[in-house]
Each structure stands twice: as C-alpha cells, then as structure tokens.
Amino acid sequence: MEVQTGISIYQEFAEFLASLSPEKVMAYHPSQNQQERFDFLVEIKRNKGLNKVQKVEFEHIMTMERIIRLAKVHAYKLQINEPVYS
C-alpha cells in the first residue's frame with residue numbers, strides 16, 4: 001500500500017471540525033484537569049521516562065493536539081475567507 005500524499009486524515013478531520021463552528025474551534029482549550037494530566041506526563045517523560053500505559057496516553061494526547069492545531073488553522077482561514085489549501 002502506498003503512503004498517502006496530500007490531505008491527511010488529520011487535516012480532513014480538522015477541516016470538518018473547523019467548518020462546524022470556526023469561532024468555537026478557535027476558542028477551544030483543554031480543561032484544567034486535562035492540562036494538568038498532560039503537564040504531569042511531560043514531567044515524568046523528562047525525569048524518568050513514561051511506562052507503556054503512560055506512553056500510549058501521551059501519544060493520544062499529542063495526536064489530539066495535532067488535530068486541534070490543524071482545526072484552529074482551518075478555522076482561522078475560514079474566518080478571514082482565505083483558501084484552506086494554497
């Protein structure tokens with residue numbers, strides 16, 4: 001199977017999210033509990049390394065962060081009427 005080029009599944013989903021409500025996407029921030037958990041995992045990663053369970057959790061958080069950032073870029077472009085793909 002070939003590696004897909006062009007629009008990734010992350011970009012596609014982020015564009016979908018942004019199109020629903022650009023304003024809400026731009027305003028989104030993780031809850032305090034989620035931010036504290038992420039900070040905790042980062043600290044463990046820096047000091048002694050993550051165990052398998054923590055590593056999976058950290059990777060999931062990083063994937064969601066990527067999607068959220070892509071959605072915010074798309075939302076911003078929608079707000080200023082700039083083409084999403086140039």
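**Helix 4 and its surroundings**

In this predicted model, N51 caps the N-terminal end of helix 4, with a side-chain oxygen placed 3.0 Å from the backbone nitrogen of V53. The helix itself covers residues 52–79. Its 28 residues, counted at 1.5 Å a residue, should span 40 Å, and because the C-alpha atoms at the two ends are 41 Å apart, the expected and computed values agree. Beyond the helix comes N81, a residue with a positive phi, near 55°.

Next comes the question of which parts of helix 4 are hidden. The buried residues are Q54, F58, I61, I67, L70, A71, H74, A75 and K77. Their cover includes helix 1, helix 2 (22–27) and helix 3 (32–47). A helpful point to keep in mind is that an α-helix has 3.6 residues a turn, so residues three or four places apart point the same way.

A71 makes a good example from helix 4. Its relative accessibility is 2%, and since buried means under 20%, A71 therefore counts as buried. Leaving aside residues up to four places away in sequence, A71 touches A14, L17, A18 and V25. The C-alpha atoms of A71 and F16 are separated by 7.9 Å, although the two residues lie 55 residues apart along the chain.

F16 also has a part in a surface feature: together with F13 and L20, F16 forms a nonpolar patch with about 320 Å² of accessible area. L20 belongs to helix 1, which runs over residues 9–20. With a relative accessibility of 57%, L20 counts as exposed, because the cut-off for that label is over 50%. A71 and L20 thus carry opposite labels: A71 is buried, whereas L20 is exposed.

Notes:
Residues numbered from 1 in each chain as written. Predicted model: local features only at pLDDT ≥ 70, side-chain atom pairs only at ≥ 80, totals over all residues. Heavy atoms only, no water. Patch = residues over 30% accessible without salt bridge, like charges linked within 9 Å, V, L, I, M, F, W, Y side chains within 5 Å. Areas by Shrake-Rupley, 256 points an atom, 1.4 Å probe, with all protein chains shown as cover. Salt bridge = Lys/Arg side-chain N within 4 Å of Asp/Glu carboxyl O. Helix = DSSP H or I, 4+ residues; strand = E, 2+ residues; numbered from the N terminus. Buried < 20%, exposed > 50% of the residue type's maximum accessible area, 1.4 Å probe, protein only. Expected span 1.5 Å × (residues − 1). Contact = heavy atoms within 4.5 Å. Polar contact = N/O pair within 3.5 Å; in protein donor to acceptor, adjacent residues only side chain to side chain.
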